[in-house]
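Dear colleague,

I am passing on the structure we spoke about, together with some notes for someone who has not seen it before. Please have it open while you read.

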Amino acid sequence: MKLEITLLHHSGFLVKTPKHVLVFDYWRHMPQYEGIDYGAPTPKEFKGEDLLVFVSHRHPDHYDPLIFSFGEHAKKARWILSSDVNAKPEDTSPSAIYEVSPGESHNLVDDCRILTYGSTDAGVSFLVEIDGARILHCGDLNWWHWGQDSVEEQKKEEESFKSELDKIEGKIDVAFVPVDPRLGEAFSWAAAYALESKDIVWLVPMHFGDDISVPNRLAMDLGLGGYKEKIVTCLVKRGESTAVEI
């Protein structure tokens, strides 16, 4: 089975499965043009689709209220929001909005199960089981390692990240993992630990903003560990797409 993945921007992605369209952590942030090909979807592009829109937490680089317009032409639309988002759009049916917290399991339809895990920053991370695929979107679940923090704080961040990721069981077909270049040499640590500790088919780097060098740097850093072929390096600019086989 193939999944089509499109980078919208930063941690925002669109994933097409055989029966559904998933949008994760959309952030519009000054697109040059409108349209999925430019990382800025319009409601008409979801016409007739079975749409699920995910928001991992309230931070503006992960949540844009424009997502509530995406269901205008969709066959069916549901919004799965971290409970800290606190969004209640008037033109959206309450039954289509699901507020979630860490440690929950939701069966939206027969072919879609959503498991939520915690974050090392805010909100939740998502494991979505849909159409036979298992997709992990970490949100801000990351091995944050800031140089200005004390050794004790850095150790706590490491333990928190590993403890939360270790809760996730089973094969992961696609894992969206933060690789924030602001962390310096530590930018790759979360991805490295995920690949070492989990059965991941494809790892998609995210949370690198406009620094398009990051995915290739990640592949180079982790190549010696034999993980280079698992890392998707071709999604660096808004609107770029690729298909992966799972």
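Two strands are said to pair here if DSSP finds at least two bridges between them. The model is a predicted one, and by that rule strand β7 (residues 105-109) pairs with β8 in the antiparallel sense, over four bridges. These strands, β7 and β8, form a hairpin with two residues between them, and Cys 112 in β8 is the bridge partner of Val 109.

Strand β8 (residues 112-117) is also joined by six bridges to strand β9 (residues 125-130), the two running antiparallel, with Val 128 in β9 as the bridge partner of Ile 114. Most of β8 is covered, since five of its six residues are buried.

Turning to the interior, the largest nonpolar core has 57 residues, and those with the most contacts inside it are Ile 5, Phe 54, Val 128, Ile 135 and Phe 176. Helix α2 (residues 189-197) contributes the largest share of this core, six residues. Apart from this core lies another, of 23 residues, including Val 23, Ala 40, Val 53 and Phe 70.

In α2, the buried residues are Ala 190, Ala 191, Ala 192, Tyr 193, Ala 194 and Leu 195, and the buried residues of this helix pack against α1 (151-165), β11 (172-178), β12 (200-206) and α3 (214-222).

Finally, if residues up to four places away in sequence are not counted, Ile 135 touches, among others, Leu 3, Val 15, Phe 126, Val 128 and Phe 176.

With best wishes

How values were computed: Residues are numbered from 1 along each chain as its sequence is written. This is a predicted model: local features need pLDDT of at least 70, side-chain atom pairs count only at pLDDT 80 or more; totals for chains, interfaces and linings use all residues. Side-chain values use heavy atoms; hydrogens and water are left out. A nonpolar core is a set of buried Ala, Val, Leu, Ile, Met, Phe, Trp, Tyr and Cys residues joined through side-chain atoms within 4.5 Å. Buried means under 20% relative accessible area, exposed over 50%, partly exposed in between (1.4 Å probe, protein chains only). Contact means heavy atoms within 4.5 Å.
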